[in-house]
Amino acid sequence: MQPVENNISEIIYRYLQEDNLSEEERSALDRWLAAAEDHQNVLSKLRDTAGLQRDLMKLSFFEERVDDAWDRFRKERMVKVHLLKTIWFRSAAAVIILFGIGTYLWIQTQDSASVSAGRRSALVGSNISPGKSGAVLTLSDGKRMVLDSLTNGIIAAQNGAQVVLKKGLLAYDPDGQRPKETMYNTMSTPKGRQFQLILPDGSKVWLNAASSIKYPTIFTGSERVVEMDGEAYFEIARNPKVPFKVKANKTEVEVLGTGFNVNGYNNEEAFTTTLIEGSVKINANKRSVILKPGQQAQTLANTEIHVVNGADINQVMAWKNGYFDFNNTDLRMMMRQLERWYDIQVVYEGAVPDVIFKGKMDRGVQLSDVVRFLKLFGIKARLEERVLIISGK
Amino acid sequence: MGDSAAMCKIFYMYYPKLCLYAESLVQNKEEAEDIAQEALAQLWHHRLKFAGLNQENISAYLFTVVKHDCYDYHKHEQVKRAKKQEIINLIPESNDSVESAFIYLEVLSRIYAEIKNLPPHLSEIVRMSFIEGLTTEQISEHLRITPNNVRVQKARALEKLRNALLKQNLLSPALIYLVFSEIFYK
């Protein structure tokens, strides 16, 4: 027997037409009507002439729009990039654009990486692909190794630790020996690559594109110190006896057990540290500030530390979670992010369009799709080799 | 059938109903269309997960997603209004389950299909008078036929409409005035 729901609308329809129902259908209807309190309402709604007429009118309104709607759906929703609806004006000069690219993409990429990757590459042709997992590891003797997500296993033995590569993540497993001197390794990501690292103490580091981190192969002594530039997210293994310090530019982040994001790209306006949980102390320009979760410290060159309450954590963490968050981002900020991820250079011809973006974009989107949507919003953009040219009016 | 063809079929099957459902919850046609589009997009995006599902599950999914989005929309609107210090309207809490709404809309579209399937000229007249609520004069103007002709056609359409529900409604006191007064007394 077919499930009732499949059948019941047919039975109700025929019942209202005064068709003779079979005994079986009749009892199916009775059972359905008794099954839930609101089922009876369906019949009374269908018998309410005025309401029915109103709903038929509305249904016909939507039925007539279905061709256009399908057309829109096919163009906007069935491609990898889709737009949210609104364009509105903030002032005469500044157009705010809603640039939303579905979160579905990264869900899909995670679920079925191979399938979608295959489909994508079949579609793209000469496209510039988005970044992916990858990094370069520089060992203490200066030897360089390319890390990718395909290799697995022990790739080196370093002064007190085994270096293990597993699925896009590099980990240091201490081998139990106490080395006499401290040696350093450096992991760096070029543009278009990001990677994950587990330090010898178990602390986790996510390294964004165009960034690097220098750390000892085993932590000894009274504090754990790493040096970095670019952007990284840290989840520090708790150990109150041995404080963890991140040094970047002229700022030092002293960790008191915690998850936080450090953005120290040289071409970004401010050096920012955003605390997700726990507690960190920022030391910069001979001043120091202790952050609470949700706070962001911004250090501009030689100025005091500016603390922002209620930082947009989702936006700060977007890169680690596989997407871009362009909410309230202007064109230059957006382009700096695209440069790092797509390994391109952005050149402006004339005035930089004064736009603010809204919305999110998956990090798996092809650059050509990004360019297409910039154009759709009236931003003149063209791609020549690996240079994206934005021309003002 | 490829994914796209299947999606096309599903889209045509569900879009109007989802719009109507959303409209009943948000009272805004444009917003309702966006919500329906979004729900169908979700289905498309997660199609790999839905591969083994039957139609019943798909409709349950779509209607549930629409309902949630409508509630989100209301929450969002409330926040906006609260900021403007306007009076906060409560979300119109419908007692009807997603299932009831779905069954109602299923029957409704069958009725709609029935009107559509009348011979074209009759379908048009029933549409105009019953669905759009136009008067005989307005219809005659629109179709460029005499009012008398409209009346005759209407009567013929009623005969043809084997849907007792529709007939019953057209004959109900509320609509006798709209339809039959025109046919018989003008």
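Helix 3 of chain A and helix 5 of chain B cross in a right-handed sense. The model is predicted. Two places are described here: this contact between chains, and a sheet of three strands in chain A, which is open.

**Helix contact between chains A and B**

- Helix 3 of chain A covers residues 39–47, and helix 5 of chain B covers residues 98–116.
- Their axes come within 9 Å and cross at roughly 30 degrees; helix 3 of chain A is therefore roughly parallel to helix 5 of chain B, as angles under 35 degrees count as such.
- From helix 3 of chain A, the residues in the contact are A:His39, A:Val42, A:Lys45 and A:Leu46.
- Helix 5 of chain B meets them with B:Glu99, B:Ser100, B:Ile103, B:Tyr104 and B:Val107.
- By class, the residues of this contact are five nonpolar, two polar and two charged.

**Open sheet in chain A**

- The strand order is 21-25-24, with mixed pairing.
- Strand 21 (345–349) and strand 24 (380–384) of chain A are the edge strands; each has a single partner strand, so one side of each has no neighbour in the sheet.
- Direction ignored, neighbouring strands of the sheet are turned by 25 degrees against each other on average.
- Strand 24 and strand 25 (residues 387–391) of chain A run antiparallel and are joined by five bridges.
- A:Leu383 stands opposite A:Leu388, a residue of strand 25 of chain A.

**Helix across the sheet**

- Helix 9 of chain A, residues 331–342, lies across strand 21 and strand 25 of chain A.
- Relative to strand 21 of chain A, helix 9 of chain A runs at about 150 degrees.

How values were computed: Residues numbered from 1 in each chain as written. Chains lettered and ligands numbered in written order. Predicted model: local features only at pLDDT ≥ 70, side-chain atom pairs only at ≥ 80, totals over all residues. Heavy atoms only, no water. Axes fitted to C-alpha atoms, helices over the stretch in contact; angles between N-to-C directions. Helix = DSSP H or I, 4+ residues; strand = E, 2+ residues; numbered from the N terminus. Parallel < 35°, antiparallel > 145°, perpendicular 65-115°, else oblique. Left-handed = near helix turned anticlockwise from the far one by under 90°. Contact = heavy atoms within 4.5 Å. Nonpolar A, V, L, I, M, F, W, Y, C, P; charged D, E, K, R; others polar. Pairing = 2+ DSSP bridges.
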